[in-house]
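Trainee: Could you show me how to read strands, sheets and helix packing in a model like this one?
Mentor: Gladly, let's look at it together.

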Amino acid sequence: MHGMAYRGAVAPASAIPLPLQQALQSWTGLMETLPVGIYTCGRDGLLVQYNRRAAELWGRAPVPGDAHVRFCGAWKAYRPDGQPLDLSDAPMAELLRSGAPVRDRELVVERPDGTRIVILANLDPLLDEAGELIGAVNCFQDITEAKRTEQALREQQRDLDDFFENGAVALHLVGSDGTILRANQAELDLLGYSREEYVGRNIADFHADRPVIEDILARLCGGQKLDKYPARLRTKDGSIKHVLISSNVQFRAGKFVNTRCFTLDVTDQKRADDELRASEQRYRGLIEALPAAVYTTDAEGRITFYNQAAVDLSGRRPELGNDKWCVTWRMYLPDGTPLPHDQCPMAVALKEDRPIRDVEAVAERPDGTRVPFLPYPTPLHDAAGRLVGAVNMLVDISERKQAETRQKLLVDELNHRVKNTLATVQSLASQTARRAQSPDAFREDLEGRLIALSRAHDQLSQRNWEHADLREIALASLAPYNREAGDAITVSGEPIVLTPKSALTFAMIFHELATNAAKYGALSQPDGRLALDWKAERNGAGPKLRVRWRESGGPAVAPPTRRGFGSMLVERGIEAELGGVARLDFAPAGLSCNIEVPLANTM
Amino acid sequence: MSGGKVALEGLRVFVVEDEFAVLLLVEDMLVQLGCAVVASVSRIAPALEIARSGAFDAAVLDINVAGEAIYPVVEILASRNVPIAFSTGYGAAGVAAAWRAWPILQKPYSAEQLAHALLQAIARVAALGR
């Protein structure tokens, strides 16, 4: 309005018909004070009068009655869409043609300085007393600011709509009855439905678990806010989506309007989680099935996991998160020194952050039994290399230890047997030497005795040095003479099981008797006979084994003048080794020998 | 050897050995050393009897006698201050720790080793008695 002077413009009275002049007179003062632009035109469209505000809005002050200013005082005008408006099409012209009021017509007015404003015009006809149209009044106001606000609001709404429609998170609004009121593209994409297939349906139709959606709606209706509530939705192709729903309800004046649901698709995470859990389960199953005791601890040594084999080995169920360092009840070093838990190999592995190998320890169970084991503690690290715990495997080496012990016993026993045998050989050699008539006789006698001893060893070896059979021992001793004598030898008797010691004694005795018989007795003659028989007598005070050796048909027998080793062995050997009695009878018809030993000492 | 023989001349010895051949050998060796074998048995029961009441100057004892350990006999003999020499196929490991201070003969052994063991046992008793 700069440089513009408003002069209470009124057309010269001569130009205004009298009735109109009178009609306007009383309003003029009032019009000047109104905050809206007001002007009037005559029937011919020429400007009759306008107020201050109208001049301000036009940005100029046209001269009323100026033939160049018709229908409107504005310099230029445009339609709301920006098209230039010929002033002959202005609302005032319209009214003067039709005589009908014009309401809420928007126009853009351009001022001479080029600024534009938006105005809202309301026009009414002016009639004379006869009801004839004599002109019109236009009341217009600046709505530029309101239009701008409206535009901003519209843009804001558009942004919100865009946010809702095109945001990356699936969104929907649901009414109190579960009907889907609105859903965005992300939600439709998530489930594969078109808008028509989805909006308007009940939300429950798309949930895989009815109790879940019922619970969700019940909570929302109750005013609860849901935060990442897990649910499963069914897509159009039938597959299941795992989602987390965050939602609350818009209440207006205490009335449920709609829910606002954010749906987060976690199908991939869920699958990854499930796979991880399944993989963990597999490993757990694997470790559980291992025959070795396995347990884990956290970085502080507290036990976090153990398998059944660990329970079996330690004889107890460790207390998770409380027991430290080892699942065992007590520990010892292999030499029996107590080994405190905080010094055990697992504790060392954790404290020094290194695996421990080749250490042996002994676990004691609560029932007092002990188990030697090899631990394999190994520290565990996270991706950043930080120590997070350790895993330990305890391998029960009881069997190995027992095998070692057995092996040692076996070697000791073998050594003992060899040494005893050597002592026996030493004795045989010594006794043979004392009585030998010549070196040849010594060699022959000693050989015979060693071979007899060796044969008995063979028979015992065949039976793991556990026992031997009396008949087999007897036949083996007599075998060297049997062929020469044909059927001269008879051996009879029930099966008798002999201990190794008694087997050796009988073998040596039979050897001595047979050698003597072959040299001097029945077996030295073609007609000679030898009968060897035995019998177990189980009645009486103590069961006894009676063995009889009877020679006949040999040369006449005379008692020896000097006790040989053989007879000494027979008589004293039976007594010393078997606690029995042996009697040699040098009868002229043939030598006989009666042996009687407690059965308990032979088998 | 000759010194041993002189020192052992007339020594009365008690022998426990369940293997007859070895018993004969030990007896022969002792006779050879000038000792007198006053008793030789092959079972624990008679050995206990003789250990309690027999009169002798030394004992040569097998460890495992027909399946029974010799130690009850050893205890009696030790209480009577009888010098003891063990004779075993197992060697020192076969003798109970409590009795390992006595000389131990590992079978087979010579008469000389037997003499040495007996002299050692006699010396030990003498030392203990002082």
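Mentor: We will go through a strand, a helix pair and a sheet in turn, keeping in mind that this is a predicted model.

Trainee: Let's begin with chain A. How many helices and strands are there in chain A?

Mentor: Chain A has 16 helices and 25 strands. Of its 603 residues, 31% are buried.

Trainee: Now take strand β1 of chain A, residues 37–42. Why is it described as largely enclosed by the rest of the structure?

Mentor: The idea here is to count neighbours: a residue is called buried if 20 or more other C-beta atoms lie within 10 Å of its own. In β1(A), 6 of the 6 residues are buried, so the strand is largely enclosed by the rest of the structure. Look at each face, too: A:Gly37, A:Tyr39 and A:Cys41 are buried on one side, and A:Ile38, A:Thr40 and A:Gly42 are buried on the other.

Trainee: Which strands does β1(A) pair with?

Mentor: β1(A) runs antiparallel to β6(A), residues 133–142, and 6 bridges join them. A:Cys41 stands opposite A:Ala136 there. β1(A) also pairs with β2(A), residues 47–50, in the antiparallel sense over 3 bridges. In that pairing A:Tyr39 has A:Tyr50 as its bridge partner. These two strands form a hairpin with 4 residues between them, and A:Gly45 in the turn has a positive phi of about 90°.

Trainee: And how do I read a pair of packed helices?

Mentor: Two packed helices are described by the angle between their axes and the distance between the axes. For α13(A), residues 439–462, and α15(A), residues 500–519, the axes come within 9 Å and cross at roughly 145°. The crossing is right-handed.

Trainee: Which residues of α13(A) and α15(A) meet?

Mentor: Among them are A:Ala452, A:Leu453 and A:Ala456 in α13(A), and A:Leu504, A:Ala507 and A:Met508 in α15(A). The residues of this contact divide into 9 nonpolar, 4 polar and 2 charged.

Trainee: Let's finish with chain B. What is the order of strands in its open sheet?

Mentor: The 5 strands are ordered β2-β1-β3-β6-β7, with parallel pairing. At the edges are β2(B), residues 36–41, and β7(B), residues 104–106, each pairing on one side only. From one strand to the next, the twist averages 20°.

Trainee: Which helices lie across those strands?

Mentor: Helix α4(B), residues 71–79, lies across β1, β3 and β6 of chain B, at about 165° to β3(B). Helix α5(B), residues 111–129, lies across β3, β6 and β7 of chain B, at about 145° to β6(B).

Key
Residues are numbered from 1 along each chain as its sequence is written. Chains are lettered from A and ligands numbered from 1 in the order in which they are written. This is a predicted model: local features need pLDDT of at least 70, side-chain atom pairs count only at pLDDT 80 or more; totals for chains, interfaces and linings use all residues. Two strands pair if DSSP finds at least two bridges between them. Axes are lines fitted to C-alpha atoms, for helices over the stretch in contact, and angles run from 0 to 180 degrees between N-to-C directions. Two residues are in contact if their C-beta atoms, placed from the backbone, lie within 7 Å. A crossing is left-handed if the near helix is turned anticlockwise from the far one by less than a right angle, and right-handed if clockwise. Ala, Val, Leu, Ile, Met, Phe, Trp, Tyr, Cys and Pro count as nonpolar, Asp, Glu, Lys and Arg as charged, and the others, Gly among them, as polar. A residue is buried if 20 or more other C-beta atoms lie within 10 Å of its own, exposed if 12 or fewer, and partly exposed in between; C-beta atoms are placed from the backbone.
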